[in-house]
Amino acid sequence: MIDQDKLVDVAERWDREIEAKIRALRAVDFDLAYLALLTREGIKPLSRWEKPIDDRPLTILRQMDLHAERIRRKVRSGKVFDETIFGRTAMHLEIYAEHFRDRPVDKSAETVRVEGFLFGYPPCCVSHYVRQPYAPHEFPVHQQEILFHSSCRGCEITPSLIPHYERIHRIVCAV
Ligand SMILES: [Zn+2]
């Protein structure tokens, strides 16, 4: 059950310092800033950034009260690369590392389930994706585009998430 009184609007506790950090991350990449704020607000327990970033964005993520670290992965050819993961609790980073550190990138059902859990995707959408990865979604493109999961048909959770994703997306656009 959601206590409406506790749903404090981001704007109310908006902080100039965070605004500057969002802007700095956005200068690296819009989605990096968007994921950072979604994670900071708690909609996503953990986020992953797969493109290489230097130490500065990593420091900014930490200054936003997020735990952030690089995780070494492999591709099938054996080549290694670093991902950046960030979350509100060290626990979620540990769970991710336990499953994926030094492991090859794959799209197995197990991987999709673990990632879905950590990235805050509705369980129904995760199960649906495991069964049918490329099923058409039913939300308007502009709504589906701001999500990071593909919604299942008749989803009972995604419609409640959309306004929160939209709100945070608007903030990242506006700073
Ligand atoms: Zn769903």
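This report covers a buried helix, its packing partners, a small set of other contacts and some backbone features in a predicted model.

## Helix H2 and its surroundings

Helix H2 spans residues 30-40. Nine of its 11 residues are buried, so the rest of the structure largely encloses H2. The buried set is Leu32, Ala33, Tyr34, Leu35, Ala36, Leu37, Leu38, Thr39 and Arg40. Arg40 thus sits in the list of buried residues.

What do the buried residues of H2 pack against? Their partners include three helices: H1 (16-28), H3 (55-63) and H8 (158-174). Strands S1 (46-49) and S3 (80-87) are also partners. Just after H2, Gly42 adopts a positive phi of about 90°.

## H2 against H1

H1 and H2 pack at an angle of about 140°. Their axes are 5 Å apart. From H1, the contact draws on Ile22, Leu25, Arg26 and Val28. From H2, it draws on Phe30, Leu32, Ala33, Ala36 and Leu37. By class, the H1 and H2 contact holds eight nonpolar residues, no polar ones and one charged.

## H2 against H8

The axes of H2 and H8 come within 10 Å and cross at roughly 130°. An angle of that kind makes H2 oblique to H8. The crossing of H2 and H8 is right-handed. On the H2 side, Phe30, Ala33, Tyr34, Leu37 and Leu38 make the contact. On the H8 side, the residues are Ile168, His169, Ile171 and Val172. The contact of H2 with H8 counts eight nonpolar residues, one polar and no charged.

Phe30, Ala33 and Leu37 serve in the contact with H1 and also in the contact with H8. Of these, Ala33 and Leu37 are listed as buried.

## H5 against H6

H5 and helix H6 (residues 123-131) pack at about 160°, with axes 10 Å apart. That angle makes H5 roughly antiparallel to H6. The crossing of H5 and H6 is right-handed. H5 supplies Ala109, Val112, Arg113 and Gly116, while H6 supplies Val126, Tyr129 and Val130. The H5 and H6 contact divides into five nonpolar residues, one polar and one charged.

## The sheet

Three strands form an open sheet in the order S1-S3-S2, with antiparallel pairing. S1 and S2 are the edge strands, each pairing on one side only. From one strand to the next, the twist averages 30°.

S2 and S3 pair in the antiparallel sense over eight bridges. One bridge joins Glu69 to Ile85 of S3. S1 and S3 also receive packing from the buried residues of H2.

## Positive phi outside glycine

Which phi does Asp65 take? The value is positive, about 65°, although Asp65 is not a glycine. Asp65 lies in the loop between H3 and strand S2 (67-74). Asp65 is exposed, with 9 other C-beta atoms within 10 Å.

Asp102 is another such case: its phi is near 60°, positive in a residue other than glycine. Asp102 sits in the loop between helix H4 (90-100) and helix H5 (109-118). Is Asp102 buried or exposed? Asp102 counts as exposed, with 10 C-beta neighbours inside 10 Å.

Note on methods
Residues are numbered from 1 along each chain as its sequence is written. This is a predicted model: local features need pLDDT of at least 70, side-chain atom pairs count only at pLDDT 80 or more; totals for chains, interfaces and linings use all residues. A residue is buried if 20 or more other C-beta atoms lie within 10 Å of its own, exposed if 12 or fewer, and partly exposed in between; C-beta atoms are placed from the backbone. Helices (H or I, at least four residues) and strands (E, at least two) are DSSP runs, numbered from the N terminus. Two residues are in contact if their C-beta atoms, placed from the backbone, lie within 7 Å. Axes are lines fitted to C-alpha atoms, for helices over the stretch in contact, and angles run from 0 to 180 degrees between N-to-C directions. Ala, Val, Leu, Ile, Met, Phe, Trp, Tyr, Cys and Pro count as nonpolar, Asp, Glu, Lys and Arg as charged, and the others, Gly among them, as polar. Two strands pair if DSSP finds at least two bridges between them. Angles under 35 degrees count as roughly parallel, over 145 as roughly antiparallel, 65 to 115 as roughly perpendicular and the rest as oblique. A crossing is left-handed if the near helix is turned anticlockwise from the far one by less than a right angle, and right-handed if clockwise.
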